[in-house]
Amino acid sequence: MCVSMGPAEFSGTTLYMGRLHHARHGLVHVLGYQNTAVNRADGPNAMLLHLPAQGMTQDNFLDVGRSSDVLERMVEAVRPRSVAAGGMAWMGSAPPAHEVQVFEHDIYTVLLASDPTALPAALHRVPAHKRPHLDPELTRFYAERYPGYAVAVCCFDNAEAAKAKPLLMWYTPLDPDVLTAPALDAHTGRPPGMVGQVPVDHWVLFGSDEAPTGWGEPVDHGRGMRHRLREFLPAEVRGEHFSGLLPNGDFALTHAELLAGGRAGRMTGAVGR
């Protein structure tokens, strides 16, 4: 479950989507993402994540530090009560829009933009050993299907693909009442096919600081976690494991549905479209 800029295999994906009121940043959404990547490209590769976010910068990416098992702990919290995929109901100041931010995060060189068509012109700023090919049709796909979304391109080379820590980031959402987890699937460097089904193997987890006591499963984040990270994470999570074939698209549900015990549905377009 990932969109890559070249041939690759991704398995064991974990997605976390949370909503919370942060002491400094106000109401934010938090995305956690982790998978096992096998790069099948001849050279460097990258994975793309599209986010319904406003004004994202490098500061929105959280350093997990020694807590590299942060998403594994969430999965362990819900694993005893997981259900089969068949039980699912399917359904800072902002930078200029043309600006592409380029920075290092864990093993990745990240390109971050609110206009995906600006990404190709910034690829030269990525170190040569991590610089993948970017098909212009792929950037047009995101610009047309997800207008206003932030797009993060996480570039990596063959030697580092297996060493990645989970990605964790917070952002001001385009719609604070809809939690959306990016789950498009395409591993060829071309735009995702939006007809038919794709094979999946992943956990999808959700959390909210407004959830009542006993709503979900408590998470043991460990004593060694730094406060800078812990303040963005939930006390409880709900989630399910998915395998087999599912329609290509993202997972989404409203905050009200989440608190009422609803399940995320699959959607194939941007929020509000």
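This short report walks through salt bridges in the structure above, which is a predicted model.

Let's start with the overall count: the model holds ten salt bridges. Three of the pairs are set out here.

| Acidic residue | Basic residue | Closest N and O atoms |
|---|---|---|
| Glu-210 | Arg-19 | 2.7 Å |
| Asp-220 | Arg-73 | 3.7 Å |
| Glu-104 | Lys-130 | 3.3 Å |

Take Glu-210 and Arg-19, whose closest N and O atoms lie 2.7 Å apart. Glu-210 has a relative accessible area of 39%, so this residue is partly exposed. Arg-19, at 7% relative accessibility, counts as buried because the cut-off for that class is under 20%. These two residues also belong to a network of salt bridges, in which Arg-19, Asp-177 and Glu-210 are linked.

Next come Asp-220 and Arg-73, joined by a salt bridge with 3.7 Å between the closest N and O atoms. Asp-220 is exposed, having a relative accessible area of 55%, while Arg-73 is partly exposed at 27%.

Finally, a salt bridge joins Glu-104 to Lys-130, with 3.3 Å between the closest N and O atoms. This pair links distant parts of the chain, its members being 26 residues apart. Glu-104 sits in strand β7 (residues 100-105), and Lys-130 lies in the loop between β8 (108-113) and α2 (136-145). As for accessibility, Glu-104 is partly exposed at 47%, whereas Lys-130 is buried, with a relative accessible area of 6%.

Key. Residues are numbered from 1 along each chain as its sequence is written. This is a predicted model: local features need pLDDT of at least 70, side-chain atom pairs count only at pLDDT 80 or more; totals for chains, interfaces and linings use all residues. Side-chain values use heavy atoms; hydrogens and water are left out. A salt bridge is a side-chain nitrogen of Lys or Arg within 4 Å of a carboxyl oxygen of Asp or Glu. Buried means under 20% relative accessible area, exposed over 50%, partly exposed in between (1.4 Å probe, protein chains only). Helices (H or I, at least four residues) and strands (E, at least two) are DSSP runs, numbered from the N terminus.
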